[in-house]
Amino acid sequence: SVEQSSLRATSAESGMSFFLASSAQASSSGDQAGLHELPAVVKLVFCNEFALKPQMQALRFALEEAASIIGDVLTVKKKACKFKEWHEAFLERSPGMQCLLVTNWREVKPCLEDLEPPASHLKVIVVEDEPRLVPRIRKWAHQSGFRIRICTTDAVSDTLRNTS
């Protein structure tokens with residue numbers, strides 16, 4: 001659909017900005033050619049029990065495109081327990097790399113429960129389209145000590161761009 005294409009296109013641009021800003025080797029020019037030459041310094045992980053279902057397709061495509069811009073592939077985990085297993089191995093094999101976890105309200109607390117804030121290698125984006133839950137998420141995020149951004153599905157690209 002047009003909406004999905006638009007989300008994917010803006011994600012590519014914003015993903016590039018976010019990952020360039022996060023890279024120690026990034027130039028200020030932000031050109032896409034230079035981006036492909038950078039080593040992946042950020043691992044993008046999507047944790048959502050519906051991650052592979054049709055209703056998450058637009059979001060997943062946007063995240064896959066953002067990951068491909070930095071020469072990586074999106075890591076998808078359906079449940080927090082699988083993310084935690086992956087994360088433990090990630091810390092061992094990739095010291096110094098950053099991890100950007102994109103998840104929802106249902107999975108964020110279990111994903112982070114065994115980690116010590118602020119977990120400087122980890123940034124979190126909580127995607128929530130239910131407005132009534134946002135105040136609760138915001139309160140929890142503030143108290144958690146982690147670096148957490150909250151956004152709706154259609155604002156993921158802007159959130160990626162502004163995550164630093």
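**View 1. Strands β1 and β3 pair in parallel.** In this predicted model, strand β1 covers residues 42–47. Joining β1 to β3 are 6 bridges, and the two strands run parallel. One facing pair is Cys47 and Thr103, the latter in β3.

**View 2. Strand β3 also pairs with β4.** Strand β4 spans residues 122–127. Its pairing with β3 is parallel and has 5 bridges. Thr103 appears again here: Val126 of β4 stands opposite Thr103. Thus β3 has β1 as one partner and β4 as another.

**View 3. Strand β3 is largely enclosed.** Why is strand β3 described as largely enclosed by the rest of the structure? Of its 6 residues, numbered 98–103, 5 are buried, so the rest of the structure largely encloses the strand. Leu101 belongs to this strand. Its relative accessible area is 0%, so Leu101 is buried. Leu101 and Lys123 lie 22 residues apart in sequence, yet their C-alpha atoms are 6.2 Å apart in space.

**View 4. A helix links two strands in a β-α-β unit.** The unit consists of β3, helix α5 and β4. Helix α5 covers residues 105–112. The unit is right-handed.

**View 5. His121 sits in the loop between α5 and β4.** Is His121 buried or exposed? Its relative accessibility is 15%, and buried means under 20%, so His121 counts as buried. The side chain of His121 makes a polar contact with that of His87. The contact distance is 2.7 Å.

**View 6. The largest pocket has a volume of about 230 Å³.** Its lining has 15 residues. Which of them are closest to the pocket centre? They are Asn48, Met56, Asn104, Val127 and Asp129. The lining is mixed: 6 of its residues are nonpolar, 5 are polar and 4 are charged.

**View 7. The whole chain, for orientation, has 7 helices and 5 strands.** Along the sequence, the elements follow the pattern α-α-β-α-β-α-β-α-β-α-β-α. The chain has 164 residues, and 46% of them are buried. Strand β3, with 5 of 6 residues buried, is part of this chain.

Definitions and conventions
Residues numbered from 1 in each chain as written. Predicted model: local features only at pLDDT ≥ 70, side-chain atom pairs only at ≥ 80, totals over all residues. Heavy atoms only, no water. 1 Å grid on protein atoms, 1.4 Å probe; cavity = no way out; pocket = protein on both sides within 12 Å on 5 of 7 lines; lining within 4 Å. Points joined across faces, edges and corners; volume = space filled by probe spheres on them. Nonpolar A, V, L, I, M, F, W, Y, C, P; charged D, E, K, R; others polar. Buried < 20%, exposed > 50% of the residue type's maximum accessible area, 1.4 Å probe, protein only. Helix = DSSP H or I, 4+ residues; strand = E, 2+ residues; numbered from the N terminus. Pairing = 2+ DSSP bridges. Right-handed = clockwise from strand over helix to strand, strands pointing away. Polar contact = N/O pair within 3.5 Å; in protein donor to acceptor, adjacent residues only side chain to side chain.
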